Amino acid sequence: MMQRSYLNHTKRLVSSHKQQLFASFLIPLILMSGYFIYRKMAPFGSSSLLTVDLGQQYVDLFAYFRHTILHDPTAFFYSFSKAIGGDMTGTWAYYLMSPFNLILLFFPGKTITSGIFIITVLKYAFSGLTFAILLQKMYPKASWLVPGLSTTYALMGFTVANQLNLIWLDAPILLPLIVLGIEQIFKTGKIRWFVLWLALMLIINYYMAYMICIFSVLYFAFASAHYYTSFKAAFTAFKKFVSGAILSAGFASWLLMPTFYILTQSKVQYTETSVKFKFEYFPFKMLSKLLPGTFNFEQMPSGLPNIFVGAFCLIGFILYFTNRNLKLRERITAGIITLFLLLSLCFQPLDLFWHAMQFPWWYPYRFSFLVCFWIIFLAARYLFSEPLFSTRSLIITTCIFLLGLVYLYLNLTSFKKYVDQSQFFIGCLFVALGLLAFILLKQRPNTAWLITILVILDVFVNACMSLNNLSYVSQSEFGNYTTELDKTISKIQKKDKSFYRIGKTYMRTKDDSMQAAFNGGSHFSSTFETQIPNFMQKIGQPDGDGFVTYSNGTLITDSLLGMKYWSKNIDSNQLGSSVTSTANPTLPALTYRPDLTSYQLVGQDSLTQTYKNPYALSIGFGTSSLVKKFNGSNLDTIQYQSQLYSTLAGKTTSKLFTSQNFNEVIFQNINQTTKLTGSVLKKNSLSKPGIVTFKFTPTTNDAYYLTLGQELNPDNATFTINGKTLTQYSPYRNTVVVNFANHSKGKTVTLRIQLKKMSLWLENFTLYHFNQTSFTKLHKQLSTSPLKVTKHNSHQISGNITVSKKNDFLMTTIPYGKGWHAQVDGKSAKIVKVAKTFCGIQLTPGTHKIVLTYWPPYLFFGLIVSLIALLIVICYLWFKKRSIKK
């Protein structure tokens, strides 16, 4: 009879556990799906989840993910869609290794936003599920508080604030499983689950995995204090923990090793070498982030840490330290870890440490999901470890909360950018309800389901209030642009199967080329090799840390980089109309390029014109060996272009640009100056507009270009040419080259600059005439020995080339990298770095077969390490199985 009763109890417990897990998954799924449907997110309305980086970067990389998996697997290693070319292993390791991304395979083109919707709500749901699994494994008799705590974890402040950073949300899913793996080391002595989940995290996102690895050390210390029986047992657990971590890294080495090398060429170069021992803000200010709805756009660049976990969990977190049923050494260890985590949220050296010694560019305190986990975890530990619920502890906790609320109320004006009185009073209400919930639990433990509803309501209110502060890209804005871009690029690629690059006078994001799978010139990512922005800066393109925008090309750079086709929006064709013009809202204008009329018009539809560049060089071509000595470090953008192009043709003195004077300059309410370049314009009267009008009448039909220093940007002045807005990408941190006129012989071109401030520095402000005749001669010489590409994919280019003694050096516009390997006539050849940017090969006169192949550096070594790790596990299991049989 007793056995039957025990079996029935066990069945009920198992059934309850399954229901709790189901609820922990389903509640976040339903809540966030319902909210997004209410906000009319695609596929349920006219909006989308695209905002900030999710709309400007990740969505294009997701489209690249689809293209790689479905059409071009070689793009896993390298892509010419990454600006003018770049390694992709680091991009995959940071952005694209989440298994959730496989869902995107079913959502092509503009429907990809629907796939993002599904992935987002599933990541919320799986975060709740894995946290529930952790609680149930640690506390088999856990109550129906589990779904409430799990939903709190799923909808914590970090997740809501970083929902737009979808690539980071695998970390909250795997963190509870990694912690559970550490628990298993102490409970069963096995490391298999710890190794599995940590290895998976390292593969999915090395950046967030780095933070979890640090936290794993902290959690191991906590678990050691809890399970401590003897030094020998603790040391044995430590050895298993270390060996498990090493084994995890070994399994992930096939991706981590090539990724680390790429980071040395990109992100690592921005590592901070000087650390200031200071607090980044008054620590008590972070209390404001415990109120609901405190996340908005202003908090993204440099806000306070997003650590909202609801009032109930905060109360439980404080009560944990008062629970004498828990070992003192455990609570002391937890207190030390808590202090370390809290200091990390405000003390600069620790903040920098968590971010791998690099200050985040936007989205600060990215490790705050670990702090949220820790608070909720300790609250759960209190609730499921025979809590005392003493009146004294509740009174002390109430006093702590009252002091915090008084501080917030007295300093409410300090937080007015993201907190108002309504948020404060809603926070007070949930604190009061949270305290009542603990009193209710003390008197009636079977009311856990009611408290779960309260807990869920608290975090859901925060999610709604925070996300209501954000705006999103409309589905039509994204969908119409994507459809038109795909259509235009597809037409070009169907007619021409050769290797070439494509430029555009319009842009939605700098990763358009990844979205539409074409070879372009722009890119934006955190794993972008610095040599490309450095080169683009030298030729007058907007650049920054992690991005370039090929918007300011000239006839020279278009030729050199093989920009064979240009897609021009009809709006921008009409002399540089505004980005906001209603004539063509589908394709936002990027740049003003009248020199494109020097190219051949080969296609047109209602929105775009397609031009073919007759001067575009092949991806490789025979040049003079003089180019191996080209440096160009001290040249300005115009001189650099001219000198590089001339040197390739074996000329040392060819002058492709000549500076020009304006025919007339008219000053209105501005001090007159005879020298323009480098002078400072100052308004005479603050109340009147300050305007300078420059008039120039070209004497040839050649192209004319204008250089603008970084101060000459839309923030400081407005620029118009012949009454039309001069559309240019902004901001730019170095001098850019702007096409001023083309085919305008005898026609006056008027540039009007209106100051937005009291003064304006005419930094590097010079007008140049482009010598078309000299350029044509040089191009004809460079095009005599092209690399005739016979086969190409994303990581290999093959072709034939015939060179003479005068042009026996193969110059390519493939960015130099240690992963590139060359074969000439079947034999390995040395690759030379040209102009600190490109791959080149010294040849002998004659005809040669060239094969250029890219393999990520350290990929093979990483594969060997991963295979060794796998072999160690197989051998261990084999010996273990053999010993059991004996």
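This note goes through a predicted model of one protein chain, point by point.

1. Overall build. The chain contains 26 helices and 29 strands. Its radius of gyration is 31 Å, close to the 29 Å that the globule rule gives for 886 residues, so the chain is as compact as a globular protein of that length. Measured out along the principal axes, the C-alpha trace spans about 105 × 80 × 50 Å.

2. Interior and contacts. Of the 886 residues, 59% count as buried. If one takes the contacts between residues at least 6 apart in sequence, 77% of them join residues that are at least 24 apart.

3. Surface and charge. The accessible surface of the chain amounts to about 36,700 Å², and carbon and sulfur atoms account for 61% of that area. Among the side chains, 81 are positive and 35 are negative, and the centres of these two sets lie 9 Å apart.

4. A tilted ring pair. The structure holds 83 aromatic pairs, and a pair of this kind is described by the distance of the centres and the angle of the planes. For Phe279 and Phe347 the centres are 5.3 Å apart and the planes stand at 50°, so the pair is tilted. The two residues are 68 apart in sequence and link distant parts of the chain, with Phe279 in the loop between helix H10 (231–265) and helix H11 (299–302), and Phe347 in the loop between helix H13 (328–344) and helix H14 (348–354). Phe279 has a relative accessibility of 43% and therefore counts as partly exposed.

5. An edge-to-face ring pair. Tyr705 and Phe770 also form an aromatic pair, here edge-to-face, with 6.1 Å from centre to centre and 90° between the planes. This pair, too, links distant parts of the chain, since Tyr705 belongs to strand S15 (residues 704–708) and Phe770 to strand S21 (residues 766–770), 65 residues apart. Tyr705 is buried, because its relative accessibility is 0%, and Phe770 is likewise buried at 0%.

6. A ring cluster. Ring pairs also join several residues into a cluster, which consists of Tyr58, Tyr94, Tyr95, Trp168, Tyr206, Tyr207, Trp362 and Tyr363.

7. The surroundings of Phe251. Phe251 lies in helix H10 and is partly exposed, with a relative accessible area of 22%. When residues up to four places away in sequence are left out, Phe251 touches Val195, Ala199, Ile203, Ser866, Ala869, Leu870 and Val873. Its C-alpha atom is separated by 15 Å from that of Ile178, a residue 73 places away along the chain.

8. Cis peptide bonds. Most residues other than glycine have a negative phi, and most peptide bonds are trans. The bond that joins Ala42 and Pro43 is cis, with omega about 15°, and Pro43 is found in the loop between helix H1 (2–38) and helix H2 (52–70). The bond from Ser730 to Pro731 is cis as well, with omega near 10°, and Pro731 sits in the loop between strand S17 (724–725) and strand S18 (736–741).

9. Positive phi values. Met357, which is not a glycine, has a positive phi near 65°; this residue lies in the loop between H14 and helix H15 (368–383), and it is partly exposed, with a relative accessible area of 29%. Glu386 has a positive phi of about 50°, although it is not a glycine either, and its place is in the loop between H15 and helix H16 (391–410). With a relative accessibility of 63%, Glu386 counts as exposed.

Notes: Residues are numbered from 1 along each chain as its sequence is written. This is a predicted model: local features need pLDDT of at least 70, side-chain atom pairs count only at pLDDT 80 or more; totals for chains, interfaces and linings use all residues. Side-chain values use heavy atoms; hydrogens and water are left out. Helices (H or I, at least four residues) and strands (E, at least two) are DSSP runs, numbered from the N terminus. The radius of gyration is taken over C-alpha atoms; the globule rule is 2.2 Å times the number of residues to the power 0.38. Buried means under 20% relative accessible area, exposed over 50%, partly exposed in between (1.4 Å probe, protein chains only). Contact means heavy atoms within 4.5 Å. Accessible areas come from the Shrake-Rupley method with a 1.4 Å probe; for residues, only the protein chains shown count as cover. Lys and Arg count as positive and Asp and Glu as negative; His and the chain ends are not counted. The place of a charge is taken as NZ of Lys, CZ of Arg, CG of Asp or CD of Glu. Rings of Phe, Tyr and Trp (its six-membered ring) pair if their centres lie within 6.5 Å; planes under 30 degrees apart count as stacked, over 60 as edge-to-face and the rest as tilted.
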